[in-house]
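Ready for some practice at reading a model? Keep the viewer open, try each task on your own, and then compare your steps with the worked solution.

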Amino acid sequence: MGTLFRSPVPGLFFQSPAEAAGQMLWLATSEPGRNWVSGGYYEKRSLRAVNAPSVAAELWDRSAGLLGLAP
């Protein structure tokens, strides 16, 4: 496992802490509805398509219910 993480392979799958923080900072400081859509999945500041909308909706509903936000 140590050999794997010393190779260039992790750079293909993981981002640095600075890159991850930049994404969160962008989401926190930009304008909802203008720069991003609520409920979307964003990677590298762009919206990624969700291929299973029924699963996404179920996950959203369960998460909202667990947080006490369900109507």
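The exercises below go from the overall fold of this predicted model to its salt bridges.

**Exercise 1. Describe the order of the helices and strands from the N terminus on.**

Step 1: Take stock of the elements: the protein has four helices and two strands.
Step 2: Walk along the chain from the N terminus, and the pattern reads α-α-α-β-β-α.

**Exercise 2. Find where confidence is lowest and where it is highest.**

Step 1: Start with the overall picture: the mean pLDDT is 79, and 75% of the residues reach 70 or more.
Step 2: Look at the extremes. Helix H1 (residues 2-6) has the lowest confidence, with a mean of 62, while helix H3 (residues 17-29) has the highest, at 88.
Step 3: Keep a caution in mind: where pLDDT is low, the predicted coordinates should not be read in detail.

**Exercise 3. Work out how much of the protein is buried and what its exposed surface is made of.**

Step 1: Of the 71 residues, 10% are buried, the cut-off being under 20% relative accessible area.
Step 2: The exposed surface comes to about 6300 Å², and carbon and sulfur atoms supply 63% of that area.

**Exercise 4. Locate the three salt bridges and give the N and O distance in each.**

Step 1: Recall the cut-off: the side-chain nitrogen must lie within 4 Å of the carboxyl oxygen.
Step 2: Arg-34 pairs with Glu-31, their closest N and O atoms being 3.9 Å apart.
Step 3: Arg-48 pairs with Glu-43, with the closest N and O atoms 2.8 Å apart.
Step 4: Glu-58 pairs with Arg-62, and here the closest N and O atoms are 2.9 Å apart. Both of these residues sit in helix H4 (residues 53-66), four residues apart, about one turn of the helix.

**Exercise 5. Classify each salt-bridge partner as buried, partly exposed or exposed.**

Step 1: Set the limits: exposed means over 50% relative accessible area, buried means under 20%, and partly exposed is in between.
Step 2: Arg-34 has 67% relative accessibility, so this arginine counts as exposed. Its partner Glu-31, at 43%, is partly exposed.
Step 3: Arg-48 is partly exposed because its relative accessibility is 40%, and Glu-43 is also partly exposed, at 30%.
Step 4: Glu-58 is partly exposed at 40%, whereas Arg-62 reaches 57% and is therefore exposed.

Key. Residues numbered from 1 in each chain as written. Predicted model: local features only at pLDDT ≥ 70, side-chain atom pairs only at ≥ 80, totals over all residues. Heavy atoms only, no water. pLDDT = per-residue confidence, 0-100. Buried < 20%, exposed > 50% of the residue type's maximum accessible area, 1.4 Å probe, protein only. Areas by Shrake-Rupley, 256 points an atom, 1.4 Å probe, with all protein chains shown as cover.
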